[in-house]
Amino acid sequence: MALSPKEPIGTPLHVAIVMDGNGRWAKRRGLPRTLGHRAGVEALKRTVAAAPDLNIRSLTVFGFSTENWSRPAAEVAELMALPRRYFESDLARLERDGVRVRALGRREGLSPDLQEMLAEAEARTAGNDTFLLQIAFNYGGQADIADAARKFAQDVADGRARPADMTEATFARYLSTADFPPPDLVIRPSGEQRLSNFLLWESAYSEFVFQDVLWPDYGKDHLAAALAEYAKRERRFGGAVTDDVLAAG
Ligand code: IPE
Ligand code: MG
């Protein structure tokens, strides 16, 4: 089955994950936080491998936020090294398995080396269509919205767009997540219950599942448990309960 842009919401699912708890995982083991982040990459590999079996077609993961720059320099350096660590071991397999990789977030501000790595991952997988993996790196929902607004304003200034063209659908096309459906489900492990500037626009009608597991321990069983919880939810997108509508009709 081909992955097409603008696919209707429903199964197969688009799941977004705030990969959280690496630092606490390391601390509990008396390890430096950097080792928690490395263990987090292994959890990402397990989760990406498990997703297609669970009927997930797109996965968006939060790797580094525009606010994470405020961490100590050594930790930032370790986080910046993670995409290379991940792609060096996994890009060939992702490419072979039909996974299309996209990086979300601000490229400027990343080292030329890292920008190149992300561009290479995108280019080598651009023709793939069985699974979409979006990695949010140097990403912030507010920054992405601000960037989209700036691009639209520039298009208006250059005569390519008019203010009257601005609608929700138009705006979505200026975001870095343009062209693909919004997440059906947002998962946050580690016990924290907040969005932390992830997919602010896109999560308008997402379901949220919070789990008490630290990200480096995450795997197929946790993902399956989150999906089981999601399956119990009733999504109405602002409409009414279907049975009530039928009864009223
Ligand atoms: C997630 O783990 C990794 C990033 C945010 C980049 P944390 O580093 O936030 O781990 P905790 O929250 O301190 O446990
Ligand atoms: Mg955290």
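How far from an oxygen atom of ligand 1 does a polar side-chain atom of Arg33 lie? In this predicted model, the separation is 2.9 Å. Arg33 belongs to a wider set of 13 residues around the ligand, of which Asp20, Gly23, Arg24, Arg33 and Arg71 come nearest. A second arginine, Arg71, places a polar side-chain atom 2.6 Å from an oxygen atom of ligand 1. Gly23 takes part through its backbone instead, with a polar atom 2.9 Å from a ligand oxygen.

Arg33 also leads into the helix packing, being one of the α2 residues that meet α3. Two packed helices are described by the angle between their axes and the distance between the axes. For helix α2 (residues 33-50) and α3, that angle is about 30 degrees and the axes lie 10 Å apart. With angles under 35 degrees counting as roughly parallel, α2 and α3 are therefore roughly parallel to each other. The crossing of α2 past α3 is right-handed. On the α2 side, the contact involves Arg33, Thr34, His37, Arg38, Val41, Leu44, Lys45 and Val48. Facing them in α3 are Glu75, Glu78, Leu79, Leu82, Arg85, Tyr86, Ser89, Asp90 and Leu94. Sorted by class, the residues of this α2 and α3 contact comprise seven nonpolar, three polar and seven charged.

Helix α3 (residues 73-96) has a further partner in helix α4 (residues 112-125), packing against it at an angle of about 20 degrees with the axes 10 Å apart. That angle makes α3 roughly parallel to α4. Here α3 passes α4 in a left-handed crossing. From α3, the contact draws on Met80, Pro83, Arg84, Phe87, Leu91, Ala92 and Glu95. The α4 side supplies Asp113, Leu114, Met117, Leu118, Glu120, Ala121, Arg124 and Thr125. In this contact of α3 with α4, nine residues are nonpolar, one is polar and five are charged.

Attention now turns to the segment that precedes α3. Thr66 sits in the loop between β2 (56-65) and α3. The side chain of Thr66 is joined to that of Glu67 by a polar contact of 3.0 Å. Leaving aside residues up to four places away in sequence, Thr66 touches Asn138, Tyr139, Gly140, Ala143 and Asn197.

How values were computed:
Residues numbered from 1 in each chain as written. Chains lettered and ligands numbered in written order. Predicted model: local features only at pLDDT ≥ 70, side-chain atom pairs only at ≥ 80, totals over all residues. Heavy atoms only, no water. Axes fitted to C-alpha atoms, helices over the stretch in contact; angles between N-to-C directions. Helix = DSSP H or I, 4+ residues; strand = E, 2+ residues; numbered from the N terminus. Parallel < 35°, antiparallel > 145°, perpendicular 65-115°, else oblique. Left-handed = near helix turned anticlockwise from the far one by under 90°. Contact = heavy atoms within 4.5 Å. Nonpolar A, V, L, I, M, F, W, Y, C, P; charged D, E, K, R; others polar. Near = heavy atom within 4 Å. Polar contact = N/O pair within 3.5 Å; in protein donor to acceptor, adjacent residues only side chain to side chain.
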